[in-house]
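Please read the numbered points below alongside the model, since they follow one part of the fold at a time.

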Amino acid sequence: MDVEQIRELKKKYIDELYSKTRKEQEEDRDYIDDTFEPGVRTPHKVLRLGLGYEIVNSPAEQIVTSNPQAFIEIKKDTKGANDAAIRLSKVVNGWIDILRRQNPNPFKECIKNKLGRGESYVKILHNPNEGLPVLFQVPDSMVVYGSPEEDENGVPAIVLVAYTRQPSDVILRYPEWTNPKKGEGQKTVEWFEYWSAIQRYFEADGEAVLQGGIQPNIYGKPPFV
């Protein structure tokens, strides 16, 4: 795909494919945040109890254990298999401990998105720093637009991401970005990502931020489940 085709796809996904879903999710969010219009007239007053928030968050606290563990088994019973399984379990549990201490907690966040949005995504990226070899991010499902086609592991064929972010965040990560609307006094920029099995393309306020514009996707699939 070229840039114009990607932008057309964005318009189709946001304005057509996901328009009804997002409208319903926005209505749900009003109830979760307790900002919905109750239709109460004077002299009666609204008493907001925050029950919607509790309905979404309390089950996540109950479902997800405070100390998740991984136990790895090696199916082929060879010499040293048990020792290898113990070593691998120890390594993976070290990663889980790091994830468990993240804020927000990714395990609980997945459940909250399922209950509050009706869907949940995990974005999986390599980590160039020490510690976890892979980063597990849990974005708000309302900013992620996955294609109806997905593989057996729940990876969509195409994923679009669209939301607003601060210009300083973009400049820090992509210093070559010119901030095309900086003279208009904007406080946020429109961020957009396109991922397919072979390509990736990012832009902020309509300007490409990756070198060369469209780049090959070295992961071989969109990094979303």
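**Notes on the strands and the first helix**

1. S5 is joined to S6 by a hairpin of three residues, and the two strands (DSSP runs of E, at least two residues, numbered from the N terminus) pair in the antiparallel sense over five bridges, where pairing requires that DSSP find at least two bridges. Within this pair, phenylalanine 192 stands opposite glutamate 203 in S6.

2. This is a predicted model, in which local features need pLDDT of at least 70 and side-chain atom pairs count only at pLDDT 80 or more, while totals for chains, interfaces and linings use all residues. Residues are numbered from 1 along each chain as its sequence is written, and side-chain values use heavy atoms, with hydrogens and water left out.

3. S6 also pairs with S8 (residues 215-216), antiparallel over two bridges, with glutamine 215 as the bridge partner of arginine 200. Two bridges likewise join S6 to the antiparallel S7 (residues 207-208), and in their two-residue hairpin aspartate 205 takes a positive phi near 50°.

4. Five of the six residues of S6 are buried (under 20% relative accessible area, 1.4 Å probe, protein chains only), so S6 is largely enclosed by the rest of the structure.

5. The buried residues of helix H1 (a DSSP run of H or I, at least four residues) are Ile6, Leu9 and Tyr13. They fall within an arc of 60° seen down the axis, so they line one face of the helix, the arc being that of the directions from the axis to the C-beta atoms. These residues pack against H2, S3, S4, S5 and S6.

Technical notes:
Buried < 20%, exposed > 50% of the residue type's maximum accessible area, 1.4 Å probe, protein only. Contact = heavy atoms within 4.5 Å.
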